[in-house]
Number of protein chains: 2
Amino acid sequence: MIATAPVAAAGSRDLPHPAPEEIRLEGVLHALSDPLRLQIVRELAADADELSCSQFELPVSKSTTTHHFRVLREAGVIRQIYRGTAKMNGLRRDDLDDLFPGLLDSLLDAAARQAARHGGAETPGHDGGE
Amino acid sequence: MIATAPVAAAGSRDLPHPAPEEIRLEGVLHALSDPLRLQIVRELAADADELSCSQFELPVSKSTTTHHFRVLREAGVIRQIYRGTAKMNGLRRDDLDDLFPGLLDSLLDAAARQAARHGGAETPGHDGGE
DNA sequence: TGCGTACTACGAGAGTTATCGTACAAGCCG
DNA sequence: CGGCTTGTACGATAACTCTCGTAGTACGCA
């Protein structure tokens, strides 16, 4: 059997994702209650639809990064698919908006406000003011 | 011996609350990521401004109840004051709305949706007709 | 084919959390 | 005054989480 079948790319390694109805609010909140994961989600929401794990500059080891991405995926916050050796990450915005309308936006807005208030260095466009 | 109370004020026992600017989003999310605490907050939001700890029917011991209320208070989600032997609990809706506009509503709405989806027969608060 | 890159799995250690029971303090009421 | 209700404090324990390093797998490229 010669492996002439390209297999439509990324069919071999599938990652388990919770179905929309399996996503629990508590799980989402817990996933987002970690500063690192909240930051990941913020970048994911701000930058693009798909980012590979290695494009994040996180102050932790690779193992820990993998761990955090898995927590986010298993909570139903992000979607992960393999693309060659890279694993692309995308927010499950549609599913979350369907389950909890407005929640993700509020969460991201809250995170942006807090970042602007405390750091001021992150999140472009928002100029404090109080 | 005349027991002249050293400290007057209706409540000699004061509880420490975080100032608004000390409230962290991650802390709030973490506090709300526990099913028990999420339920407490839902009841608090639905029923009234002030409820004593004993008015909640939680499936845990008194010690654990105290613990959860403290977590909520220290995260800045609720406000607690003594009233005789009872400790009254109230949501810090104004502070939270000021810090994270719309977040609390989204959260409560999301929790209500999930409760309706999964249980349908949720105990907390008959919020006046439905 | 062999090498480098990207990510995972496993095991471990430190820290945190949830839960309990018991013992205790503060206020109300008869 | 004594007792009841309400909630706290203090251990203790089990479970979970975050973190790491090392070893290993999957894939692309020369």
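**Notebook: the A/B interface, DNA strand C and some salt bridges**

Started with where the two protein chains meet: across the interface of chain A and chain B I get seven residue pairs in polar contact, both partners at pLDDT 80 or more. Note to self: this is a predicted model.

I then looked up which parts of chain A do the touching. Helix 1 (25-32), helix 2 (35-47) and helix 5 (103-118) of chain A each put at least two residues into the side that touches chain B. Helix 5 of chain A gives the most, with ten residues. By class, that side of chain A splits into 13 nonpolar, six polar and six charged residues.

How many salt bridges run between chain A and chain B? I count zero. Over all chains, the count comes to nine.

Next, the extent of the interface. I find 25 residues of chain A in contact with 25 residues of chain B. The two chains bury about 2200 Å² between them, and 62% of that is on carbon and sulfur atoms. On the chain A side, A:Glu26, A:Leu29 and A:Gln114 lose the most area to chain B, together 23% of what that side buries.

**DNA strand C**

I moved on to the DNA. There are 24 residues around strand C, and A:Thr66, A:Lys87, B:Ser61, B:Thr64 and B:His68 come nearest. Sugar and phosphate make up 69% of the strand C atoms that come within 4 Å of the protein.

I pulled up three polar approaches to DNA strand C. A side-chain N or O atom of B:Thr64 is 2.7 Å from a phosphate oxygen. B:Arg37 has a polar side-chain atom 2.8 Å from a phosphate oxygen. With A:Thr85 a polar backbone atom is involved, 3.4 Å from a sugar or linking oxygen. As for elements, helix 3 (62-75) and strand 3 (86-91) of chain A and helix 3 (62-75) of chain B give two or more residues to the surface near strand C. I tallied that surface by class as four nonpolar, 14 polar and six charged residues.

**A:Arg92 and its partners**

Is A:Arg92 buried or exposed? It counts as buried because its relative accessibility is 3%, under the 20% cut-off. I placed A:Arg92 in the loop between strand 3 and helix 4 (93-99) of chain A. Its side chain makes a polar contact with the side chain of A:Asp95 at 2.9 Å, and a salt-bridge network links A:Arg79, A:Arg92 and A:Asp95. Beyond its sequence neighbours within four places, A:Arg92 is in contact with residues including A:His17, A:Pro18, A:Ile23, A:Val77 and A:Arg79.

**Salt bridges in chain B**

I checked B:Asp95 and B:Arg79, whose side chains meet in a salt bridge (3.0 Å, N to O). The pair links distant parts of the chain, with B:Asp95 in helix 4 (93-99), B:Arg79 in strand 2 (78-83) and their positions 16 residues apart. B:Asp95 is buried at 16% relative accessibility, whereas B:Arg79 is partly exposed at 35%.

B:Asp109 and B:Arg113 form a salt bridge, closest N and O atoms 2.9 Å apart. Both sit in helix 5 (103-118) of chain B, four residues apart, about one turn of the helix. I logged B:Asp109 as partly exposed at 31% and B:Arg113 as partly exposed at 38%.

Last pair: B:Arg24 and B:Glu26 meet in a salt bridge at 3.4 Å, N to O. B:Glu26 is buried, at 11% relative accessible area, while B:Arg24 is partly exposed at 35%.

Technical notes:
Residues numbered from 1 in each chain as written. Chains lettered and ligands numbered in written order. Predicted model: local features only at pLDDT ≥ 70, side-chain atom pairs only at ≥ 80, totals over all residues. Heavy atoms only, no water. Near = heavy atom within 4 Å. Polar contact = N/O pair within 3.5 Å; in protein donor to acceptor, adjacent residues only side chain to side chain. Nonpolar A, V, L, I, M, F, W, Y, C, P; charged D, E, K, R; others polar. Contact = heavy atoms within 4.5 Å. Buried area = accessible area lost by both parts, 1.4 Å probe. Salt bridge = Lys/Arg side-chain N within 4 Å of Asp/Glu carboxyl O. Buried < 20%, exposed > 50% of the residue type's maximum accessible area, 1.4 Å probe, protein only.
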